[in-house]
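Biologist: Please show me the chain, and let us then go through the terms that are used to describe it.

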Amino acid sequence: MLRHVTTIKFPKRRRNILAFSDLQYDSSFTVSRLMQLLKYLETEIVKSQIDYVFFLGDLINSLNVLEDAISYTKLLEFLRQLALATPLIIILGNHDQYYYAKNRFRARPDLYHKFCADLKQIPQVHLLGTDPEIDYPIFDDGAIRILGLNLPQTCYYKQGSTEASLQHGQTEFDKLINRYLPQLESTKFRDYYLLVHSPRYLSSRLDSHSDVMILAGHMHHGVVPPVLDELTKFTHRGIVGPGLNRTGPHNTQFELFPPYARLRPTNKRPWHTVRPSTYFGSGLFKLFNHLYPKISYSLILGDNRSDKLTVTEHYHHKS
């Protein structure tokens, strides 16, 4: 089994974080796969003295899984067990908000509201986001302060031309940043984090907020295979990534060489795109998942011995 771990040593951070993303859970998941993931995460939590686990969106592949009581119960139990090890901070992604029927995705507010309510019922799970169904987008424990943005569907869907759609998505993203980022930084002497499912709308206007570490998912690491990944660390682009959807996540206009698919943080720009837990979530492409890591996560660890942020990445071959 192939596993990948990114370790980021961040000067003067007071809390140690484990971040993972894009599980895209559905009824095809086996109990053994969930237990294997849980085992590795629990082991890492103890080994690296993790204070919080962040999940960065697309917990499920669609709201359809809520109609499969057995599969859905397995997911909730996985989250309960993980949250026993350390508090779990969750934001939602595009897959978490829609239901698949008649060859397209559509809104199912009843299932979405139930999903949010069920997550919030789990002890030590904190669901953050700017959606009315989610209480408040900022979490603060006195040492760490976290802003979780729940991006509107207009940030993922094509409306008219691609250029106009991206501009509209940028406008919606900027509105959220303008409203909530000042609130994040209004309380001093904290480790600041901004959690956002898609990194697509990050821009240079955020460079003045270098104390805020930005973590995202969504891009599936540009589906760059491991061997090529090692040879192309000089770029943040991937090979192919999710573009703007026409009717939903299964009707995607894929984007070649997508920007920000493999963001690696620096001191001046501490932005990081976390690798997915599932590279291909649906269709025949699932057959290619065995070529990619089955378990991927990132560690953000405090480092009082250096003023320089460092990043190391390792593939592990273990049974």
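**Terms and values**

Modeller: Glutamine 124 has a relative accessibility of 39% and therefore counts as partly exposed.

Biologist: What makes glutamine 124 partly exposed?

Modeller: Buried means under 20% relative accessible area, exposed means over 50%, and partly exposed lies in between (1.4 Å probe, protein chains only). The value for glutamine 124 is 39%, so this residue counts as partly exposed. Glutamine 124 also has a positive phi of about 70°, although it is not a glycine.

Biologist: How were these values obtained?

Modeller: This is a predicted model, in which local features need pLDDT of at least 70 and side-chain atom pairs count only at pLDDT 80 or more, while totals for chains, interfaces and linings use all residues. Residues are numbered from 1 along each chain as its sequence is written, and side-chain values use heavy atoms, with hydrogens and water left out.

Biologist: Where is glutamine 124 placed?

Modeller: Glutamine 124 is in the loop between α3 and β7 (125–127). Helices (H or I, at least four residues) and strands (E, at least two) are DSSP runs, numbered from the N terminus. The chain has five helices and 16 strands.

Biologist: Why is the chain called as compact as a globular protein of its length?

Modeller: The radius of gyration is taken over C-alpha atoms, and the globule rule is 2.2 Å times the number of residues to the power 0.38. For 319 residues the rule gives 20 Å, and the radius of gyration of the chain is 18 Å, close to that value, so the chain is as compact as a globular protein of that length. Of the 319 residues, 57% count as buried.

Biologist: Is histidine 220 buried or exposed?

Modeller: Histidine 220 has 10% relative accessibility and so counts as buried. Its place is in the loop between β11 (212–216) and α5 (226–231). The phi of histidine 220 is near 55°, a positive value in a residue other than glycine.

Biologist: What makes alanine 107 partly exposed?

Modeller: The relative accessible area of alanine 107 is 45%, so this residue is partly exposed. Alanine 107 is found in the loop between β6 (104–106) and α3 (109–120).

Biologist: Why is the sulfur of cysteine 116 not in a bond with that of cysteine 155?

Modeller: A disulfide is a pair of cysteine sulfur atoms within 2.5 Å. The closest cysteine sulfur to that of cysteine 116 is in cysteine 155, at 17 Å, which is too far for a bond. The count by this rule is zero disulfides. Cysteine 116, at 1% relative accessibility, counts as buried, and cysteine 155 is also buried, with a relative accessible area of 4%.

Biologist: How do you know that β2 pairs with β3?

Modeller: Two strands pair if DSSP finds at least two bridges between them. Strand β2 and strand β3 (residues 52–55) have four bridges, in the parallel sense. Alanine 19 stands opposite phenylalanine 54 in β3. From β2 the chain crosses through helix α1 (residues 31–47) to β3, and this β-α-β crossover is right-handed. That word applies if, with the strands pointing away from the viewer, the path from the first strand over the helix to the second runs clockwise.

Biologist: In which sense does β2 pair with strand β15?

Modeller: Strand β2 pairs with strand β15 (residues 295–303) in the antiparallel sense, over three bridges. The bridge partner of leucine 18 in β15 is leucine 299.
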